[in-house]
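Hi everyone, thanks for coming. I'd like to walk you through one model today, starting with its cysteines. Have a look at the picture first.

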Amino acid sequence: MTIFYNSSLQKATFFLTGFPGLEDLHGWISIPFCSIYLTVIVGNLTILHVIRTDATLHEPMYYFLAMLALTDLGLCLSTLPTVLGIFWFDAREIGIPACFTQLFFIHTLSLVESSVLLSMSVDRYVAICNPLHYSTILTPARVVKMGLISVLRSALCILPLPFLLKRFQYCRSHVLAHAYCLHLEIMKLACSSIIVNHVYGLFVVACTVGADSLIIFLSYALILRTVLSIASHQERLRALNTCVSHMCAVLLFYIPMIGLSLVHRFGEHLPHMVHLLMSYVYLLVPPLMNPIVYSIKTKQIRQRITKKFEFVKSLRCFWQG
């Protein structure tokens, strides 16, 4: 098959891929995916609801957590229509405009997540290394500015990608390897040189995710130095405990990203199923696990969620009684 191209980019069509060779089982495969998407949506909405309705959580740390939950929710909703569309309706066809739109949101939200994790590391650094000035440094207005900068930086970095892809004609195989559109895959289908896309892609990754990860590492090095200078062993543990949730979120984001990069770069000999599973891990595991981690490891969030469930349970008992 060749790509349908009627002299107009808007009429070009790509075909997405579910799990090749397992098409007859897509209905069953959709069950765990539906469960994951439902858990992601409910978990992140619960975090947002608890932070919004509890005035005691209106602090910089929880504002950044709300940003992380919003980002994870958006990333989940960016892939949900095409993934479940393939599993439920075998809806593999996607037009170029829709594909580029999905690509833009997936990559933008991935960079936003990296930026939010960086902001959260700054929050932990200020709280531990400069606690007396915490409230004056991280004011609500400054937190909002940090969030807006994260979104603007990510969107402006990714915005050129659809236009760089739009200038190509796609004369090679039109079948994408995943159930959603990614820049790396689409540019490989182009007939002409893709060196500009390669260079720009590497530049974006270095300036965003690369710089963010370096600053996060440095912030934790400074945090560790400050914590080790605390005389009380109990106080050292208490200070480090406030960072556990964020460190888990950082690992959940960067480990799958590094794993996916290594598989793409050095895993040509690996089965295609490994590439598929790694891509789903990268896009679905952080949004799935972040609300779980923060609900378990952050005492204030855990207590508020427990109170919400107890309130709902008491209402149910009242109506049934």
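Let's begin with C207: its sulfur lies 7.0 Å from the closest cysteine sulfur, which belongs to C157, and that is too far for a bond. For a pair to count as a disulfide, the sulfur atoms have to be within 2.5 Å. As for its surroundings, C207 counts as partly exposed, at 36% relative accessibility. Please keep in mind that this is a predicted model.

So how many disulfides does the structure hold? The answer is one. The partners are C99 and C181, and their sulfur atoms sit 2.0 Å apart. For those of you who like torsions, the angle about the S-S bond is -120°, and the link is left-handed. What does this link tie together? C99 is part of helix α3, residues 96–129, while C181 is in the loop between α6 (160–166) and α7 (183–187), so the disulfide joins parts that are 82 residues apart in sequence. Both C99 and C181 are buried.

C76, on the other hand, is in no disulfide, and the nearest cysteine sulfur, that of C34, is 11 Å away. C76 is buried too, with a relative accessible area of 1%.

Now let's stay around the disulfide for a moment and look at I186. Setting aside neighbours within four places in sequence, I186 is in contact with both C99 and C181, and also with F14, F100, L103, L165, Y170 and L176. I186 turns up again in the largest nonpolar core, which has 89 residues. There, I186 is among the residues that touch the most other members, along with F14, F33, F87, L117, Y170 and Y280.

Y170 also gives us a distance to think about. D54 and Y170 are 116 residues apart along the chain, and their C-alpha atoms are separated by 52 Å. D54 itself is in the loop between α1 (26–53) and α2. Is D54 buried or exposed? It is buried, with a relative accessible area of 17%.

Next, helix α2, which covers residues 60–89 and includes T79. T79 is buried, at a relative accessible area of 1%. Not counting residues up to four places away in sequence, T79 touches Y37, Q102, I106, Y180, L283 and L284.

What about annotation? The unreviewed UniProt entry places the feature "transmembrane region" at several spans, including 63–88 and 94–112. In the model, residues 63–88 are 100% helix, with end C-alpha atoms 37 Å apart. Residues 94–112 are 89% helix and 11% strand, and there the end C-alpha atoms lie 25 Å apart.

My last stop is helix α5, residues 140–158. It has 19 residues and reaches 27 Å from first C-alpha to last, close to the 27 Å expected at 1.5 Å a residue. Which residues of α5 are buried? They are V143, M146, G147, S150, S154, C157 and I158. These cover an arc of only 115° around the axis, so they are on the same side of α5. As a reminder, an α-helix has 3.6 residues a turn, so residues three or four places apart point the same way. The buried residues of α5 pack against α2, α3, α6 and α8 (195–228). Turned away from that buried side is a face with the exposed residues K145, L148, I149, L152 and L156.

That's my tour, and I'm happy to go back to any of these spots.

Methods:
Residues are numbered from 1 along each chain as its sequence is written. This is a predicted model: local features need pLDDT of at least 70, side-chain atom pairs count only at pLDDT 80 or more; totals for chains, interfaces and linings use all residues. Side-chain values use heavy atoms; hydrogens and water are left out. Helices (H or I, at least four residues) and strands (E, at least two) are DSSP runs, numbered from the N terminus. Buried means under 20% relative accessible area, exposed over 50%, partly exposed in between (1.4 Å probe, protein chains only). Contact means heavy atoms within 4.5 Å. UniProt positions are given in the numbering used here, feature names are shortened, and annotations may be inferred rather than shown by experiment. A nonpolar core is a set of buried Ala, Val, Leu, Ile, Met, Phe, Trp, Tyr and Cys residues joined through side-chain atoms within 4.5 Å. The expected span of a helix is 1.5 Å times one less than its number of residues. The arc is that of the directions from the helix axis to the C-beta atoms.
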